[in-house]
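Please look through the sequence and the model shown here before reading on. The paragraphs that follow begin with a single covalent link and work outwards from there.

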Amino acid sequence: QVHVVESGGGSVQFGGSLRLSCAASGSIFSGYVMGWYRQAPGKQRESVAAIASGGGTNYADSVKGRFTISRDNAKKTVYLQMNSLKIEDTAVYYCRLRTGLRLEYDYWGQGTQVTVSS
């Protein structure tokens, strides 16, 4: 059984920083993509950043230059360093793990709240 658990959310002032962690447990394939999504009240869930097992990354335009995604394969953990946080970054942040030969296995975490205040 695979589980994905996020941590590191919280409240921060405008311009501040937070670091989110996402730890996967259980048996996963060597090939995977782990990503961060967020959902603000009244809005659809959107992709924020993703990283593949090979190291390739991609980011939403709204976070480029401010957020950095990284991974520790040995710990099966992915991090999201968020700097220069804006009010509009306020959302519940979810971690997603896709793995398998064709990335057919899809797991989501329970989410962690990030609140940015002025």
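**From the disulfide outwards**

The link of C22 and C95 is left-handed, with -80 degrees about the S-S bond. C22 lies in strand β3, residues 18-25, and C95 in strand β9, residues 91-99, so the disulfide ties together parts of the chain that are 73 residues apart in sequence. The sulfur atoms of C22 and C95 are 2.0 Å apart, and the count for the structure comes to one disulfide. Both C22 and C95 are buried. It should be kept in mind throughout that this is a predicted model, and that the values given here are therefore computed from predicted coordinates.

Strand β3, which carries one half of the disulfide, also takes part in strand pairing with two other elements. With strand β1, residues 3-7, strand β3 pairs in the antiparallel sense over five bridges, and within this pairing S21 of β3 is the bridge partner of S7. With strand β8, residues 77-82, strand β3 is joined by six bridges, and here too the strands run antiparallel; one of the positions that can be followed in the model is A23, which stands opposite T77 in β8.

Just ahead of these pairings in sequence is V2, whose place is in the segment before β1. Is V2 buried or exposed? Its relative accessibility is 10%, and because residues under 20% are classed as buried, V2 counts as buried. Setting aside residues up to four places away in sequence, V2 touches S25, S27, I28, L97 and Y107. For one of these residues, S27, the separation can also be given between C-alpha atoms: those of V2 and S27 are 6.4 Å apart, although the two residues are 25 residues apart along the chain.

A second residue that repays inspection is D89, found in the loop between β8 and β9, and thus in the stretch that leads to the strand holding C95. D89 is buried, with a relative accessible area of 0%. Which polar contacts does the side chain of D89 make? A polar contact of 2.7 Å joins it to the side chain of R66, and the side chain of D89 also reaches the backbone nitrogen of K86 at 2.7 Å. When neighbours within four places in sequence are left aside, the residues in contact with D89 are R38, R66, F67, S84, V114 and V116, so that R66 appears both in this list and as a partner in a polar contact.

The details above can now be placed in the chain as a whole. The protein chain has 11 strands and zero helices, and its elements, read from the N terminus on, are an unbroken run of β. Among contacts between residues at least 6 apart in sequence, 54% join residues at least 24 apart. Of the 118 residues of the protein chain, 40% count as buried, while the accessible surface comes to about 6,300 Å², of which 48% belongs to carbon and sulfur atoms.

As for overall dimensions, the C-alpha atoms fill a box of roughly 45 × 25 × 25 Å, taken along the principal axes. A compact globule of 118 residues would have a radius of gyration near 13 Å, and the protein chain, with 14 Å, agrees with that expectation.

Methods:
Residues are numbered from 1 along each chain as its sequence is written. This is a predicted model: local features need pLDDT of at least 70, side-chain atom pairs count only at pLDDT 80 or more; totals for chains, interfaces and linings use all residues. Side-chain values use heavy atoms; hydrogens and water are left out. A disulfide is a pair of cysteine sulfur atoms within 2.5 Å. Helices (H or I, at least four residues) and strands (E, at least two) are DSSP runs, numbered from the N terminus. Buried means under 20% relative accessible area, exposed over 50%, partly exposed in between (1.4 Å probe, protein chains only). Two strands pair if DSSP finds at least two bridges between them. Contact means heavy atoms within 4.5 Å. The radius of gyration is taken over C-alpha atoms; the globule rule is 2.2 Å times the number of residues to the power 0.38. Accessible areas come from the Shrake-Rupley method with a 1.4 Å probe; for residues, only the protein chains shown count as cover. A polar contact is a pair of N or O atoms within 3.5 Å; within protein, one must be able to donate a hydrogen and the other to accept it, and residues adjacent in sequence count only if both atoms are side-chain atoms.
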